[in-house]
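Visitor: I would like to learn how to read the features of a structure like this one. Please take them one at a time.

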Amino acid sequence: MISEKNFIKKYQLFWKTLFPMSKHFLTRVKLYCDKNNTEFNFKTHNLRWSFVSEIAFMIFVDQTKNLSLKMNKNLYEEYKLGSISYGNIENKCKNKFILFDNVNRMPKSLDEDEYNDAIKLAMLMNNHFDSKNELTTMPYFKGCGFIDECFGDVIMGETLYEIKSVSGNFIMEHFKQVFVYFALNYISKNYSLKNIAIYNPRKDLCFKIPVQEFAVIIAGKSYVDLISDFERFVTTEYSSK
């Protein structure tokens, strides 16, 4: 069994075959992003963005469980630097990096600038997903074939969101990842989903598309056929091992 992230990285030939028109699709994504790009002032160094972004996401996830806090949105007060609530989140993120992100040593704690950036990101996520639609954070997806079980980022209404706090444009790996989650969900029939989306809180930028339209643009076929190709590959490869 492998993780969905390793699957995306390892089987490049499969992805080229599954998404033959990926360059055309990314051109469309880039045009949209160029028109809707917003720049914010952050101070975190590029090498620390991954850790800061993870803390921001976990603050967002934690506060969605607290309705009164979500209404007040006073994240600086609830997750004050040095507080127990913030410390618990930072420690969980440190342990995650050690276990899953091939980090040789424990990441150092956030400094004040990095902490402020994490709170800003969490607030941007909070505002973006401030909706009357039902919100599910870290949705669970049952594994299939040789792909292990995994967790996504956010489901709001009938849209599956992957959050990517990046400085540049969205890349194909982002869409491969959200497609894998969508496909696993379609196979296991857990959530009712119709759309996929990538959201970048660093730019408050979101690209959302119905999965049927995505499938036609990127592969010239229906999303049902596209998922069937995906399922056939991951189960056939699994059974042959």
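Guide: Begin with the elements: helices (H or I, at least four residues) and strands (E, at least two) are DSSP runs, numbered from the N terminus. Lys9, for instance, lies in helix H1, residues 4-10. The model is predicted, with local features requiring pLDDT of at least 70 and side-chain atom pairs pLDDT 80 or more, while totals for chains, interfaces and linings use all residues. Residues are numbered from 1 along each chain as its sequence is written, and side-chain values use heavy atoms, leaving out hydrogens and water.

Visitor: Is Lys9 buried or exposed?

Guide: Buried means under 20% relative accessible area, exposed over 50%, and partly exposed in between (1.4 Å probe, protein chains only). Lys9 counts as exposed because its relative accessibility is 62%. Its C-alpha atom is separated by 21 Å from that of Tyr140, 131 residues apart along the chain.

Visitor: How should I read the sheet, and in what order do its strands come?

Guide: Strands of a sheet pair through backbone hydrogen bonds, either parallel or antiparallel. Here two strands pair if DSSP finds at least two bridges between them. Five strands form an open sheet with mixed pairing, in the order E1-E4-E5-E6-E7. E1 (135-137) and E7 (205-210) are the edge strands, each with a single partner strand, so one side of each has no neighbour in the sheet. On average, neighbouring strands of this sheet are turned by 20 degrees against each other, direction ignored.

Visitor: How many bridges join E4 to E5?

Guide: Three bridges join E4 (residues 154-156) to E5, and the two run antiparallel. Ile155 stands opposite Leu160 in E5.

Visitor: Which helices pack on these strands?

Guide: Contact means heavy atoms within 4.5 Å. Axes are lines fitted to C-alpha atoms, for helices over the stretch in contact, and angles run from 0 to 180 degrees between N-to-C directions. Helix H4 (residues 49-64) packs on the sheet and touches E1, E4 and E5, its direction making about 135 degrees with that of E1. Helix H10 (residues 211-219) lies across E6 (195-200) and E7, at about 85 degrees to E7. The buried residues of H10 are Val211, Phe214, Ala215, Ile217, Ile218 and Ala219. Just after H10, Gly220 takes a positive phi of about 70 degrees.

Visitor: What surrounds a single strand residue such as Thr159?

Guide: Thr159 is in strand E5, residues 159-163, and counts as buried because its relative accessibility is 3%. Apart from neighbours within four places in sequence, Thr159 is in contact with Val154, Leu193, Asn195, Ile196, Ala197 and Lys208.

Visitor: Which salt bridges link separate parts of the chain?

Guide: A salt bridge is a side-chain nitrogen of Lys or Arg within 4 Å of a carboxyl oxygen of Asp or Glu. The whole structure has 11 salt bridges. One of them joins the side chains of Arg48 and Glu114 (2.9 Å, N to O). This pair links distant parts of the chain, 66 residues apart: Arg48 is in the loop between helix H3 (22-36) and H4, and Glu114 is in helix H8 (residues 112-128). Both Arg48 and Glu114 are buried. Another joins Glu54 and Lys96 (2.9 Å, N to O). Glu54 lies in H4 and Lys96 in helix H7 (residues 84-100), so this pair ties together parts 42 residues apart in sequence. Glu54 is buried at 14% relative accessible area, whereas Lys96 is partly exposed at 33%.
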